[in-house]
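Hi,

Here is the structure I promised to pass on. Have a look at it first, and then read my notes below.

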Amino acid sequence: MEIKLVPVDEIPAKIIQELEESLSGLNIDLKIMEQISIPESFNRFRRQHSVERIFDSLDPKKYKNAILLTKEDIYDRNTGYVFHAGEIGGPGIVSYFRLRPSFYREKINFDLLIIRIKKEIIHVIGHIIGLEECQEPCVMGRSSSIGSIDKKSEHFCKNCKIKMSTMGIELE
Ligand SMILES: [Zn+2]
Ligand SMILES: [Zn+2]
């Protein structure tokens with residue numbers, strides 16, 4: 001299945017390259033799209049982007065199976081913030097604003113950042129397929145805190161794999 005990765009504004013090329021490499025074993029056809037900008041989704045009082053407004057601004061046909069990657073902080077409806085959001089068939093979004101170790105006053109760790117972004121992207125691919133939040137250690141485990149993201153695995157559990165196979169999808 002084809003998944004489009006859409007950088008929102010400038011994303012360091014090193015991050016995109018690492019993701020391309022680390023997602024290559026997943027059995028998906030990953031296409032890196034041109035970067036886009038969505039200034040209208042910015043809530044200047046919260047200093048965050050609204051996921052609802054981002055998704056509303058996107059053409060659903062063009063952004064079918066698309067995952068946006070942003071460094072900005074995002075929120076969805078009444079939440080304080082979210083790490084990701086995703087709808088069946090897309091689009092989905094991952095924010096790495098709160099995935100950076102430096103956000104928690106820890107020292108910069110590029111490898112850890114990539115692992116976290118990778119898990120969130122695989123999780124959002126799950127949402128695009130139609131999977132819902134599952135239990136840790138499944139990659140579909142909830143992303144309620146950075147600790148829960150670090151605890152979960154990069155892989156789908158047996159139940160999620162069974163659900164996927166009934167839809168004719170096989171991902172690692
Ligand atoms: Zn989720
Ligand atoms: Zn699962």
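A term to start with: helices (H or I, at least four residues) and strands (E, at least two) are DSSP runs, numbered from the N terminus. Two strands pair if DSSP finds at least two bridges between them.

Please keep in mind that this is a predicted model: local features need pLDDT of at least 70, side-chain atom pairs count only at pLDDT 80 or more, and totals for chains, interfaces and linings use all residues. Residues are numbered from 1 along each chain as its sequence is written, while chains are lettered from A and ligands numbered from 1 in the order in which they are written.

The overall picture

There are five helices and eight strands in the protein. Going along the sequence, the pattern is β-α-β-β-β-α-β-β-β-β-α-α-α. The C-alpha atoms fill a box of roughly 45 × 40 × 30 Å, taken along the principal axes. The radius of gyration (taken over C-alpha atoms; the globule rule is 2.2 Å times the number of residues to the power 0.38) is 15 Å, which agrees with the value near 16 Å for a compact globule of 172 residues.

Buried residues make up 30% of the 172. A residue is buried if 20 or more other C-beta atoms lie within 10 Å of its own, exposed if 12 or fewer, and partly exposed in between, with C-beta atoms placed from the backbone. As for contacts (C-beta atoms, placed from the backbone, within 7 Å), 57% of those between residues at least 6 apart in sequence join residues at least 24 apart.

Around strand β8

What does β8 pair with? Strand β7 (residues 84-86) pairs with β8 in the antiparallel sense over three bridges, and Gly86 has Gly92 as its bridge partner in β8. These two strands form a hairpin with five residues between them, and Gly89 in the turn has a positive phi of about 80 degrees. Strand β5 (residues 66-70) runs parallel to β8 and is joined to it by four bridges; here Ile67 stands opposite Gly92.

In a regular strand the side chains alternate between the two faces of the sheet. Strand β8 (residues 92-95) is covered on both: Gly92 and Val94 are buried on one side, Ile93 and Ser95 on the other.

A second sheet to look at

Strands β3, β4 and β6 form an open sheet in the order β3-β4-β6, with mixed pairing. Its edge strands are β3 (42-43) and β6 (74-75), each of which pairs on one side only. Strand β4 (residues 48-50) runs parallel to β6, with two bridges joining them, and His49 has Ile74 as its bridge partner.

Helices, and two residues in them

Helix α3 (residues 110-129) has 20 residues and should span 28 Å at 1.5 Å a residue; its end C-alpha atoms are 29 Å apart, which agrees. That expected span is 1.5 Å times one less than the number of residues. After α3 comes Gly130, with a positive phi near 120 degrees.

Leu19 is in helix α1 (residues 13-22), and it counts as buried because it has 20 C-beta neighbours inside 10 Å. Its C-alpha lies 7.0 Å from that of Ile114, although the two are 95 residues apart in sequence. Leaving out residues up to four places away in sequence, Leu19 touches Leu5, Ile114, Ile117, Lys118 and Ile121.

Arg53, in helix α2 (residues 51-57), has 13 such neighbours and so counts as partly exposed. With the same sequence neighbours left out, Arg53 touches Glu40 and Ser41.

Cheers

Conventions
Contact = placed C-beta atoms within 7 Å.
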